[in-house]
Structures are given as C-alpha cells and as structure tokens.
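Reader: I'm new to this one and would like to know the reasoning behind the words people use for it. Could you walk me through it?

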Amino acid sequence: MPAEPAVVEARGVWREFGGVVALRDVDLAVREGEIVALIGPNGAGKTTLLNVLSCVLPPTRGQVLFRGRPLPGRPHRAARAGLTRTFQDLQLFGSLSALDNVLVAREARGKGAVPRGDADRFLETVGLARRARDHPDALPFGQRRLLELARALATEPMLLLLDEPAAGLSTPERTALAERLCGLRDVGVTVLLVEHDLELALGVADRVVVLDQGVKIADLPPDAVRGDERVIAAYLGVA
Amino acid sequence: MSDLLQYAATGIALGSIYALVALGFVTVFAVTGAINFAQGEFVMLGAMIAAQLVHAGMPLPLAAVLAVAGAALAGAALHELGLRPALGRLSPLGLIMITIGAATAIRGMALIAWGTDPFTVPAFTPGPSLDLAGAAVNRQTVWIVATTAIVLALVWFLFQRTATGRALRACAADLVAARLVGVDPRRMGLVSLTLSGAVGAIGGVVLAPITFASYDMGLMLGLKGFVGAVIGGLASAPGAVAGGLLLGLLEAFATPISSGYKDALAFVVLIAVMLLRPGGIFRGSFARGRI
Amino acid sequence: MTRGDVTAVGVLAALIALAPLVASGYQLSILISTGLYGIATIGLVLLVGLARQVSLGHAAFFGLGAYVSGLLATRAGISPWLTIPAGALAAMAVAYVVGRPVLRLHGHYLAMATLGLGIVFQVVLNEWVDLTRGPSGFGSIPTATLPLPIAGGETASLYLVWLAALAVLALSLWLVRSSPGRALRAIGDSEVASELLGLHTADWKLRVFTLSGAYAGLAGALYANYVTFLSPQPFGFIFSLELLVMAVVGGLASVWGGMVGAFTLVALTETLRRSLPEWLPGSSGELELVLFGVALAAMVLLRPTGLVGLAAAGLGRARSLRAAPATAEEPLHAG
C-alpha cells in the first residue's frame, strides 16, 4: 500500500546560528489529517524547527517539502499555498479590531476586499462574535489566543502550525482548546503543534515527535511516549 | 609616492576622529541598544568649550580637561533625561527620535551661546609641518593620532581589566545574564554615555586646531562616525575603530577625485555595507555583540 | 472615511475657501505653508505611523519634486500645470527604485539608510552644477495660477495648494479604513504574522513608501511653484527632521495628525521668528532649533500619540488609526 502523502516533510534539516547547532539532521513528516505534537525540553529546538517548517528561517542544510514541493523562498507564498501558523508570543494586530484581524487574513488571500460577514463566522466558531469590535488588548489572554487561532483558521489552511497554543491558558481553557484541536481534524486540517503541556499534547495527538538538543529522539504514538526511556532521560536531563 | 603618503596621513588623522566617534556609538549601542545621534555633538562640545576657554585666557591643558568633563556631563544628562525613561518602552524609531531631539537641542544651545562664527584653537605645538618620508605632515595630525592611540589603549584597558569594563561588556553580550550577576543596566547605560561623551570630546579638542570649532560641526562628524561603526559591525569596538580608520582613508583618497562628492561617499558606503554585509566588513574577524 | 471625516474635510474646505476674505496676506501664507508641509507630513504618517517604517530622508523626495518641477519649467519651458505632477511622479519613481533595496532593512539600519540617501541627494544638488545651478540655485520659476478672477497671488496659491492638500487628505483618510489600509496596519503591527497570512510584506512596504514619496514630491513641486526660487540649502537633514517632528507632534496615529502637526510647527516657527527678537533682542531662529529638539524628545517620551491623541482622548472617541488607548500599540513603543 502506498504511504499517504506527507503534507509537510523535513528531510535532513540542519539549522545553525553562528557556532550553535539548533537542529541536527531532523527528519519529520506530517501526513494529511494527522495531529502531530512536537515536544521536548527547553532549548530542544522546537520553535526553531517550527520556524524552519513555516518558511520563516531557511535550513542551513537539508530541505523542507510542503505538499510535495520545496518551500518557496518567501513565507507569504507558503501561506498562500495553505500553510499557516500561530506564535508563542501572540502576534496579533493590536491596531485592528478582532474582526479586522480576521478580515485581514481573509483579504490576504489575494482576492481583494471581502465582506465583513465573511470574517464574522470565524469569530463565531471560536465564540468571539460578541467581541468583534474590541481590540486585542481589551481581550483577556485566553480570548486573545482564540483570536489568533480564528485568524489562522480564516486562511482556510491545509496545514496549521501551532506554537505553544496552550501557554498561559487556564485549565478549562485548555480543555476547550483540546476539543477545538480535535475538531480541526474533522474539517480536514492537518496540525503540527509545539506544546509544553504534555497532557494536552498527548491527549490530542495521533503521533508525538520528541526533540532533544536539536535531535529527533523519538517518533511514537502518545501511549508509547509516556514510558519511553529516552524521552524520560531527555526531560530529566543528563546528570 | 609622497602624494600617497600625504593622503594616507590625512586619512589616518581623519580616520582617528571617526574612530573615536565610532567607538562612542558602539559603546552606547552595545550597552543600551540605542543609536546615539548626539555622538557628534559631544565632539562639537569638546572643540567649542575648549575654544571658548582658551579664548578667555585659560591655558590649553586646563581648557581641554574642562571641555572633556563638560561633554561627559552632557552625555550623562542625555542618559538620565532622555534615554533612561525611554529604554524598554520605546521602539528603535522612538529612541532614535529622542537622541535626534537631544542632538538638535544641544546644537541649538551651542548656537545661542556661541553664535555661528567658527573659533580657532591654537595648535598644541605650533611649528612647521614635519617631513615624514617625503610627506608634509601637520604637527597637529601627529597629536591627533597619538591622542587617539592613547585613548584607545585606555579604553581597551578599561574594558578588559576593570570591573566597570567587565560590567559594560556583560551588558553588551547578554543583558539578562548581566542582570543576573548583579550588573545594573541603567548604571551601565549612564557609564557608557558618559564615557562616549568624554571620548568624543577628546576627539573634538585635538581636531579643533585643524578644522575650526563651530556649532554645527557635530552633525557630519557624528554621521560619519556612525558609518565607521557600521562598517566595523555595529556591535564591535575594534571593528568600529577599524571602520572609522578605513572611512577616513577612503575619504582622503577620494579627495583628489572629487572633493565635493566625497561627503556623499561615506553614505554610499554606509548603504552598501548595510545592504550587502550587514554584519560589517570584518564580520567574523571580530566577535559580534562584544565590545 | 467615516462620516465624521467627510464632514471635517468639508468644513476645512469651506474654511479655506473663505479664508481670503478674513485673513491677512501673512496669515494666508501660514495656511499655504501648512498645506504644503501637511501633504508631505501625511505621507510620513502613513509610512511611519501606519506601516511603522522609518524615513529620515524625506526632504530628498520633497526636494526632488521641487527641482524636477522647477527645472522642467525653467529649462524646458514646460507648463507648470504639467511640471507639478511631473515632480510628484519623479519623486514617486525614485522612491520606488531606492525603496526596493532599502526597505529590506529594519530599525536603525533603515533609519540610517534613508538618512544617508537624503544626504547624498543634497550633495548631488550642490555638486551637479550643470543641472541644478548648484548652491546658488535658480529662480524665476513660472507659476501655475488658477484662472479665477480673484485678487492677490496669495489667494490663488492658497487655492491651488489646498486643492491638492484636500485631495491628499481625502485619499489618505479613505486609504486608512480600506482593505489596503488594514493590510498596512497589520504589517506595521507584526510583519511576520502578516507575511504568514499571505501578505507580500515587501511589496506592501514598497507601495506605502512610494506613495509617501509621491506625496512629498507633490508638496515639493507645489512649493517650487509658490516660492519660485530654489536652492539646495533647505532640502537637507534638518528639513527631514522637521517633517518628522510635524508628524510626531501631530500624532503618528492619525492622518489628521499630519495636518495638525504641520500647522502647529508652521505657526510656532512663524511666531517665534516674529516675537523672539522682541523678547530676546539679537536672537532669531536659533531658539527654534533648541525647541525643536526638546519638543521632539519630549513628545516622543510623553505623548507618542501626539496632539491628535490628546484631543481624541479628550473627546473620548477613537477617530484614529490606533483606536487603542495608551497601551503598547503606538508606533513609537517597543515590541
């Protein structure tokens, strides 16, 4: 049986900064419809890998394929091709209302101005329809995360890269997030998420990839990850 | 051949001043993250204050010391009034605007205090030009180069061998780590600005006998010093010095080709370096982020 | 444009139309200067306030528009009605060409690059004597005057300048609220996020840079038409700074800020020029310089939303690019 096509694939990716090796020969493939969690201790290179996969940083060596083709040189082309991401430090558009944040995402697809109602429904799906006119700094933190998610979804992506979507969220907010993420699969969105919250990550993922010091040390189903020796050693650190 | 030496001598003299200004830029930038547009005005203050005091009858050495102290004070004031409230709050554009504002204010105050006329300062050791291998080298030029060399040596000593210098370098390398070991970045910002004020003023004092002191001499000197700093990679002190010298030599050798356009040369070089080698020409040779 | 904007533009137009009836020649000249500098400042507000780029060399575009327009009129005998748009187009073209590489830079590097370009431009103006007549400049620039039976050259200039200024104002107010305006604001807020939504940020930045260059060029061409004499001296770094001060003082957060800032600075400088010699005999424009500097620094530190921000806060309404109250969203704030 032929393997399902990978939506995004990293092949032999290295990333160096000056003398520091942040990613070392990483191979990773995310197949269509999957939810893959990328975990690892601090400094493992998870965000760097996400930056490379989202076309923000070029790999020093190796290649990234998106939908079977090498990533274009500029991130906006990757975005137009169906790749979207959120940011650990929330890159919302502070001078725009919540609705306009989503509207920009709709309009960025290159088809010019778009009716406002088009954007409303994305706010509705995350429950922010009532706050359409508010600016991001008027929203509580959890709702800002939701807004960023809504904005990302508004581009109707094939692949959604999430950078620590649960950071700063309360427990009920995390549960709600986990539900939404599972719901994404039903809509046909492929997801790769970097996450520190192991419970959340292992709870939603089909597969878990573990990075430690720039090296991929495990690529397993969630249940297997919990007991894996290498993973435990990585988190506890070498003596 | 003696022509070449002539130009080289001029270039090194000019480059020395640029190097001092560039060093000031890098020191402040590395420690505070701000581009201090008022750097050139410190040179002006050194030159003008010294000129005024000498004209009032004060002996040159004393005038020089007071001029340098005055500029150092100006630097300190700039930090306390302008930068301190802004750091961490304002974007690079905001910081630049503040230092531009400060530079303009300083220039304006100089204008009010001393008017538009240029002032002369007698050469330190008056006498005929020296003959060095066929090139006529102005005696003051020797003073410039010698003073610059001494200042650079002192600054090097400060950075490498004193506690304050280590603290400055710590801030430049890693602000968070520096805080963790007890370095107070704001105090270091104050030190860096005071230091760069003094260094700039020394340049102004030795330069004044050659170029006349006037209220608006600081703008171009400051900008060209900045170019020198960028050539050397904005966060490297040795790079800044090398960049300043290089720029001085470039300008000197460009003079016979076109004296008028040579002012533009510095900025063409600046833009070229920023676009093509943003880490500076010596990228890799001098460690970045370290002063 | 909001309904409030439309009303305000209409009221302003009416005031300008009626001004010659009540104002002295001197007051009219202040209004003319406001219009001229306002056009250029609005361009800066779009570039610096909206898209959060930097330009410390906008005097060059202003000067370019002035010189192209003036030279075409005097050397080639072309009608000023054509040379004025020609000046704007020339500035626009140069902005496009230099913008492409330069806008790849950010923060201080961009600031210094634009500064450098401005200085190079002024040096060229001074040195290329065959073309520009060098430091001595040239005069007798024929003016375009409106074919209206009105008394006084000032009035004709006033109407011409403000015809353009109101058009620029209206266009910019519309732009800010439109889809391109949203895209620019997004890019100003977070270039990386915009890029990853599919916006070609390099293209957008170039567009707004080019537009702001065109505005400055138009203002310069109108300036040449008004003063009829040009020399390189005014078009240097200090002028770039003045434009920036106008933008900051008015408030980078609003297109109206461009006009307000221009008016404030023009009125202030004129007042100083006139009354300072009375207060401090023997002084002229020097205090200006100090006040400039202090004003810029103080404004940036204390009130980055400028005078318009002050007013908007007082009115309790958000009628600006940045609707958020004083939090971290001003263009001068970190992050």
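**How the labels are earned**

Author: Let's start small: Ala10(A) sits opposite Val64(A) of S4(A). Keep in mind that this is a predicted model.

Reader: How do you know that strand S1 and strand S4 of chain A pair?

Author: Two strands count as a pair when there are at least two bridges between them. S1 (residues 6–17) and S4 (residues 61–66) of chain A have five bridges, in the antiparallel sense, so they pair. Besides the Ala10(A) position, Val8(A) stands opposite Phe66(A) in S4(A).

Reader: What makes S1(A) and S2(A) a pair?

Author: The cut-off is at least two bridges, and here eight bridges join S1(A) to S2(A), so the two strands pair, running antiparallel. Ala10(A) turns up again: its bridge partner in S2(A) is Leu28(A). The hairpin of these two strands has two residues between them, and in it Gly18(A) takes a positive phi near 60°.

Reader: Why do strand S2 and strand S5 of chain A stand at the edges?

Author: Look at the order of this open sheet of four strands, S2-S1-S4-S5 in chain A, with antiparallel pairing. S2 (20–31) and S5 (69–70) each have a single partner strand, so one side of each lacks a neighbour in the sheet.

Reader: Which strands form the open sheet with mixed pairing in chain A?

Author: Six strands do, in the order S6-S7-S8-S3-S9-S10. Here S6 (83–85) and S10 (215–220) of chain A are at the edges, because each has a single partner strand. From one strand to the next, the twist averages 15°.

Reader: And how do you know that S9 and S10 of chain A pair?

Author: Again the test is at least two bridges; five bridges join S9 (residues 207–212) of chain A to S10(A), so they pair, and they run antiparallel. In that pairing Leu211(A) stands opposite Lys216(A) of S10(A).

Reader: What lies across S7(A)?

Author: Helix H1 (residues 46–53) of chain A does, running at about 150° to S7(A). H1 lies across S3, S6, S8 and S9 of chain A too.

Reader: Over to chain C. What makes H5(C) "mostly covered"?

Author: A residue is called buried if 20 or more other C-beta atoms lie within 10 Å of its own. In H5(C), 19 of the 21 residues are buried, so "mostly covered" fits.

Reader: How do you know that the span of H5(C) agrees with what its 21 residues should give?

Author: At 1.5 Å a residue, H5(C) should span 30 Å; the end C-alpha atoms are 31 Å apart, which agrees.

Reader: What does H5(C) give to the side of chain C that touches chain B?

Author: H5(C) gives the most, with 14 residues. Overall, 37 residues of chain C are in contact with 38 residues of chain B. That side of chain C divides into 28 nonpolar, seven polar and two charged residues.

Reader: And which residues make up the side of chain C that touches chain A?

Author: There are ten nonpolar, six polar and six charged. In this contact, 22 residues of chain C meet 27 residues of chain A, and H8(C) gives the most to the chain C side, with six residues.

Reader: How far apart are the nearest C-alpha atoms of chain A and chain B?

Author: They are 9 Å apart, and the two chains do not touch. Of the two pairs of chains in contact, chains B and C share the most contacts.

Definitions and conventions: Residues are numbered from 1 along each chain as its sequence is written. Chains are lettered from A and ligands numbered from 1 in the order in which they are written. This is a predicted model: local features need pLDDT of at least 70, side-chain atom pairs count only at pLDDT 80 or more; totals for chains, interfaces and linings use all residues. Two residues are in contact if their C-beta atoms, placed from the backbone, lie within 7 Å. Ala, Val, Leu, Ile, Met, Phe, Trp, Tyr, Cys and Pro count as nonpolar, Asp, Glu, Lys and Arg as charged, and the others, Gly among them, as polar. The expected span of a helix is 1.5 Å times one less than its number of residues. A residue is buried if 20 or more other C-beta atoms lie within 10 Å of its own, exposed if 12 or fewer, and partly exposed in between; C-beta atoms are placed from the backbone. Axes are lines fitted to C-alpha atoms, for helices over the stretch in contact, and angles run from 0 to 180 degrees between N-to-C directions.
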